[in-house]
Amino acid sequence: MTTAHRPASPSAGPVPAQRSPVLQELAGSLRGELALPGTPAFARLATAFNAALELRPAAVAAVADAYDVVRTVRVAARHGLRVAVQCTGHGAAAGMDEAVLVHTGALDEIVVHPREAWARVGAGVRMREVVDAAAASGLTPLAGSSSGVGVVGFTTGGGLGPLARTYGLASDRVRALDVVTGDGRLVRATPTEHEDLFWALRGGRGSAGIVTAVEIDLVPLSSVYGGALHFAAEDVPAVLHAWRTWAPSLPGTATSSLAVQQLPPLPHVPAPLAGRMTVAVRLASTGSARQGAELLAPLRAVATPVLDRMAVLSVTSLDAIHLDPTSPIPARQAAMVLRDLTEDAVEALLAVAGPGSGSPLGIVELRQLGGAVGLPGVHPSAVCHRDAGYVVMGAGLRLPHTDAGVTAGLDALGAALGSWSTGATLPNFGGGTRAYDAPTLDRLRSVVLAHDPGRVMLAADPLFAPLGV
Ligand SMILES: Cc1cc2nc3c(=O)[nH]c(=O)nc-3n(C[C@H](O)[C@H](O)[C@H](O)COP(=O)(O)OP(=O)(O)OC[C@H]3O[C@@H](n4cnc5c(N)ncnc54)[C@H](O)[C@@H]3O)c2cc1C
């Protein structure tokens, strides 16, 4: 696993509106607002969930509708500006200097079709809103570990959630996308219209265009048996070894992940977990509560948890399983997929991230893949590496006094697990060229160049970065 260090871009500095005819033209063409550096609107919109990142676009186009996105792309392209896109900032990367950032927050349409079990969702909608809207009809979208992420960003990056082994990836449940391409057209991408965009936008993130709305299937589910068992530091080795053999024995109705955590005392962190090393075994089982409890029995036999959060959970509480941060936090992280998790791999992980290792990482998480994740979706997509066994993600606090240690800790984790990894990752877990195999990367680049010959869309840049980044 390599730590992604993006080279710092030279700062363009704020571009005052009165000295920029381009931005004046853009502001005049929008129904929404063009927020310029130095204004309160800019400070509110140009923010990343990773609080260590400072976003410095030339301006933020807070678009009011899909046609505002078209106008933004056309004006920007005419004047040689690049265009970036953002909803919540959960996946924001630095390097937007001199680009116009399209902020989709106002594209807030949510229409649930309960009888046909699907929803139309605007690009400004967070997963929490769709979860709540669908739950009223006994349905749920395939959400991730945090319901604060945007539906479009999550889904275009594959979308791996706590129900993944049962229902697959969120990107496999897409019916249609409305998208503005880099050459300034608003088109509808479905399995039979603009098939190349439909393929690329499911896994290729925002590289092939700016999605203004997505139509997704919902699954009929009201509750699961799940949550997390948290064990003390001294039990980390036994729990990890037990999870290694237990997780592959789970049926496809259950999805598990494990996290070695050293969580700071933040509001979302339960007191028994704060300020110490613990290990969490998480589960979401879509069978009955009794089946779920039976599945867990071998794990409960390993040690006594310091905190037991297993229960029958409403689908509206699935985001409580992982205890993801709910407010911006400065972080550095890295991820890669593992083919398998052998006894030696567990020992290697313990050596760099277990008790006594001096690990500076706040979390080392193993998400179990397999089940429906490993099956191809009904329609081909740009998601690769579905046959991997696990995705491992490490993260730590990116503060001036911690960053060097965290970087070293991530490098050590990558080196320790290197023998079990291809070096690849999933689009929402690090992304870049490592998320794709060579034929997929070639095809993605072709789709981008076909729809965005001027390379207006900034989100495509990682595809054209040197291999391995
Ligand atoms: C706390 C946390 C938990 C997470 N948990 C999971 C998880 O369980 N599973 C998982 O798969 N991922 C997870 N992620 C990763 C997350 O899904 C991705 O970073 C996703 O891209 C975030 O989308 P966003 O719109 O919220 O973020 P933003 O920062 O607003 O957008 C990130 C990227 O998404 C793309 N994008 C956003 N909007 C559009 C649009 N309208 N059109 C085209 N492209 C667009 C662009 O490439 C953009 O750069 C998590 C991230 C965080 C910070």
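Here are a few notes on the overall build of this protein, going by a predicted model.

1. **Make-up.** Start with the secondary structure: you'll find 12 helices and 19 strands in the protein. So keep both kinds of element in mind as you look around the model.

2. **Overall size.** The chain has 469 residues, and a compact globule of that length would have a radius of gyration near 23 Å; the protein comes in at 22 Å, so the two agree. If you'd rather think in box dimensions, the C-alpha trace spans about 70 × 55 × 40 Å along its principal axes.

3. **Inside and outside.** Of the 469 residues, 56% count as buried, meaning that they have under 20% relative accessible area. As for the outside, the accessible surface comes to about 18,000 Å², and carbon and sulfur atoms account for 56% of that.

4. **Contacts along the chain.** Take the contacts between residues at least 6 apart in sequence: 74% of them join residues at least 24 apart.

5. **Charges.** The protein carries 35 positive and 38 negative charges. Average the positions of each set, and the two means lie 2 Å apart.

6. **Domains.** There are three to look for: domain 1 covers 17-103, domain 2 is made of 110-220 plus 433-456, and domain 3 runs over 223-431. Note that domain 2 is written as two segments.

7. **Domain 1 and domain 3.** How far apart are the centres of domain 1 and domain 3? Taken over C-alpha atoms, 35 Å separate them. The two domains do touch: six residues of domain 1 are in contact with eight residues of domain 3.

Definitions and conventions. Residues numbered from 1 in each chain as written. Predicted model: local features only at pLDDT ≥ 70, side-chain atom pairs only at ≥ 80, totals over all residues. Heavy atoms only, no water. Helix = DSSP H or I, 4+ residues; strand = E, 2+ residues; numbered from the N terminus. Rg over C-alpha atoms; globule rule 2.2 N^0.38 Å. Buried < 20%, exposed > 50% of the residue type's maximum accessible area, 1.4 Å probe, protein only. Contact = heavy atoms within 4.5 Å. Areas by Shrake-Rupley, 256 points an atom, 1.4 Å probe, with all protein chains shown as cover. Lys, Arg positive; Asp, Glu negative; His and termini not counted. Charge placed at Lys NZ, Arg CZ, Asp CG, Glu CD. Domains from an automatic or database assignment.
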